[in-house]
Amino acid sequence: MSLDFHPKKNDLFCSCDANNEIRFWNINQYSCTRVSKGGSAQVRFQPRIGQFLAAASGNVVSIFDAESDRQTHSLQGHSTEVHSLCWDTNGDYLASVSQESVRVWSLSSGECIHELSPSGNMFQTCVFHPSYSTLLVIGGYQSLELWNMAENKCMTIQAHEGVISALAQSPVTGMVASTSHDKSVKIWK
């Protein structure tokens with residue numbers, strides 16, 4: 001269902017599957033080194049250091065210590081299945097997306113610090129803007145929501161002809177890319 005490379009350990013990546021299993025893989029050994037429970041939709045390592053792994057399963061997001069496999073937080077508050085996770089650049093905040101809301105969580109407290117409900121559009125994916133740390137880009141059906149969390153204001157941009165299925169950002173160029181079920185990829189500056 002999802003996979004992610006560790007940001008520091010070049011020989012490690014993890015995956016999750018529909019059986020709610022998270023697998024840690026060693027590239028050099030061509031083998032699975034550990035299996036645990038707690039991820040069925042998406043897994044994402046904390047950027048830069050990779051100390052934590054975020055995993056979505058159902059309407060819960062779990063934060064695990066990547067070394068010990070110990071769960072440090074169970075982030076609850078979504079009423080529907082979480083589709084997407086993204087960390088901010090520093091790894092201090094995690095955004096989680098379900099159709100009914102986007103929530104931003106503080107890693108230090110484990111609390112939801114921001115929440116946005118859609119105004120008619122169902123959310124699918126998100127990414128923190130690479131140049132503006134308080135701006136979250138959210139993909140839904142045909143449009144992007146630019147959410148300024150500091151001011152709690154949104155701007156909607158018509159972007160695609162179908163569901164926006166994934167977003168990516170480049171801290172080097174400051175660009176955001178979107179892809180959609182309309183079979184197109186668009187680059188935003």
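**Exercise 1. In this predicted model, find how S5 and strand S6 (residues 52–57) pair: in which sense, and over how many bridges?**

Solution. Start by placing the two strands side by side in the viewer. Strand S6 spans residues 52–57, and its pairing with S5 is antiparallel, with four bridges. For one concrete pair, go to Val43: its bridge partner in S6 is Ala55. As background, strands in a sheet pair through backbone hydrogen bonds, in a parallel or an antiparallel way.

**Exercise 2. Work out the strand order of the open sheet of four strands, and say which are the edge strands.**

Solution. Step one: walking across the sheet gives S5-S6-S7-S8, and the pairing is antiparallel. Step two: look for strands that pair on one side only; these edge strands are S5 (42–45) and S8 (71–76). Step three: check the twist, which averages 15 degrees from one strand to the next.

**Exercise 3. Locate Asp69 and decide whether this residue is buried, partly exposed or exposed.**

Solution. Asp69 sits in the loop between strand S7 (60–65) and S8. Its phi is positive, about 70 degrees, although Asp69 is not a glycine. Most residues other than glycine have a negative phi. Now for exposure: the relative accessible area of Asp69 is 23%, so this residue counts as partly exposed.

**Exercise 4. Do the same for Lys183: where is this residue found, and is it buried or exposed?**

Solution. Look in the loop between strand S17 (175–180) and strand S18 (185–188), where Lys183 is found. Lys183 is not a glycine, yet has a positive phi of about 70 degrees. With exposed meaning over 50% relative accessible area, Lys183 is exposed, because its value is 81%.

Conventions
Residues numbered from 1 in each chain as written. Predicted model: local features only at pLDDT ≥ 70, side-chain atom pairs only at ≥ 80, totals over all residues. Heavy atoms only, no water. Pairing = 2+ DSSP bridges. Axes fitted to C-alpha atoms, helices over the stretch in contact; angles between N-to-C directions. Buried < 20%, exposed > 50% of the residue type's maximum accessible area, 1.4 Å probe, protein only.
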